[in-house]
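Please look through the sequence and the structure shown here before reading on, and keep both at hand while the paragraphs below lead you from the whole chain to single residues.

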Amino acid sequence: SRAAIIQRFGNAEGLRMRMARQHIAHFQKLLEQLPVSRDGDALIALAAFVGQLVGGRQQLTAFMLNLHADLQDEKLGELQKERAAALHQAIALRMPPVAIEPESAVSAFRAHLSGSLIQWQSSPEAVSAGDFLAARTREWLRLASVPFSGDAMDRQAPSPQAVTAAASEL
């Protein structure tokens, strides 16, 4: 009841703040449980985790609407920034060396996750968000030349030196 909310949390905003803090703490705890290594496999696991948290398309829509509303409020916006910082840090801990600066790579990977979720939202494919993000992340890793387990391209692609040597024999 309204009286119980006021007695326990002061007002509805107090309840929202408490719930937001709890969700962010839970998110951070889950991130800490993921494998940490600077390689493609860890980034795939992180992407699949994010997709699993999203759930279904309706849950993603609800999350985006709540995110937008939270960002309009100063206090809730700060909490959302903490959540984003936790994800940013989790990516940074797993990002292997790539051709660009580490901070730029982390930002690019975050953009990849966000963009892929939007792509999944409008995709007719009957695949989970976790599977979709994992598949798109494998493509991102190939683009960034980051190896990962089970990558057929990694095992079969000739080295640049081999391609140059073969071309010179023609």
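A residue is called buried when its relative accessible area is under 20%. By that definition, buried residues make up 32% of the 170 residues in this protein. What you have in front of you is a predicted model, and it is sensible to begin with how confident the predictor is about it. The mean pLDDT of the protein is 85, and 82% of its residues reach 70 or more. Confidence is highest in helix α6, with a mean of 96, and lowest in helix α8, residues 152-156, where the mean is 43. Over residues 153-170 the pLDDT is below 50, and this stretch has 4 contacts in the model once near neighbours in sequence are set aside.

With that caution in mind, turn to the overall make-up of the chain. The protein has 9 helices and 0 strands, which means that the elements, read from the N terminus on, run α-α-α-α-α-α-α-α-α. If we consider the contacts in the protein with a separation of 6 or more, residues 24 or more positions apart account for 63% of them.

Two pairs of helices show how such contacts are made. Helix α3, residues 40-54, and helix α7, residues 129-143, pack with their axes 7 Å apart and at an angle of about 150 degrees. Because an angle over 145 degrees counts as roughly antiparallel, α3 is roughly antiparallel to α7. The crossing of these helices, α3 and α7, is right-handed. On the α3 side the contact is made by G40, L43, I44, A47, A48, V50, G51, Q52 and V54, while α7 contributes A129, G130, L133, A134, T137, R138 and L141. Sorted by character, the residues of this contact of α3 with α7 divide into 10 nonpolar, 5 polar and 1 charged.

The second pair is formed by helix α4, residues 57-72, and helix α6, residues 102-121, whose axes come within 10 Å and cross at roughly 130 degrees. The helices α4 and α6 are therefore oblique to each other, and their crossing is left-handed. Here the contact is made by R57, L60 and T61 of α4 together with L117, W120 and Q121 of α6. The residues of this contact of α4 with α6 divide into 3 nonpolar, 2 polar and 1 charged.

Single residues can now be placed in this picture. Is S116, which has its place in helix α6, buried or exposed? With a relative accessible area of 5%, S116 is buried. Not counting residues up to four places away in sequence, S116 touches F132, L133 and R136. Of these, L133 is also one of the α7 residues in the contact with α3.

A further residue to find is F148, which lies in the loop between α7 and α8. F148 is buried as well, with a relative accessible area of 6%. Which residues is F148 in contact with, leaving aside its neighbours within four places in sequence? They are G40, D41, I44, R138, L141 and R142. Among them, G40 and I44 of α3, as well as R138 and L141 of α7, also take part in the contact between those helices. Although F148 and G40 are 108 residues apart along the chain, their C-alpha atoms are separated by 4.7 Å.

Definitions and conventions. Residues are numbered from 1 along each chain as its sequence is written. This is a predicted model: local features need pLDDT of at least 70, side-chain atom pairs count only at pLDDT 80 or more; totals for chains, interfaces and linings use all residues. Side-chain values use heavy atoms; hydrogens and water are left out. Axes are lines fitted to C-alpha atoms, for helices over the stretch in contact, and angles run from 0 to 180 degrees between N-to-C directions. Helices (H or I, at least four residues) and strands (E, at least two) are DSSP runs, numbered from the N terminus. Angles under 35 degrees count as roughly parallel, over 145 as roughly antiparallel, 65 to 115 as roughly perpendicular and the rest as oblique. A crossing is left-handed if the near helix is turned anticlockwise from the far one by less than a right angle, and right-handed if clockwise. Contact means heavy atoms within 4.5 Å. Ala, Val, Leu, Ile, Met, Phe, Trp, Tyr, Cys and Pro count as nonpolar, Asp, Glu, Lys and Arg as charged, and the others, Gly among them, as polar. pLDDT is the predictor's confidence in each residue, from 0 to 100. Buried means under 20% relative accessible area, exposed over 50%, partly exposed in between (1.4 Å probe, protein chains only).
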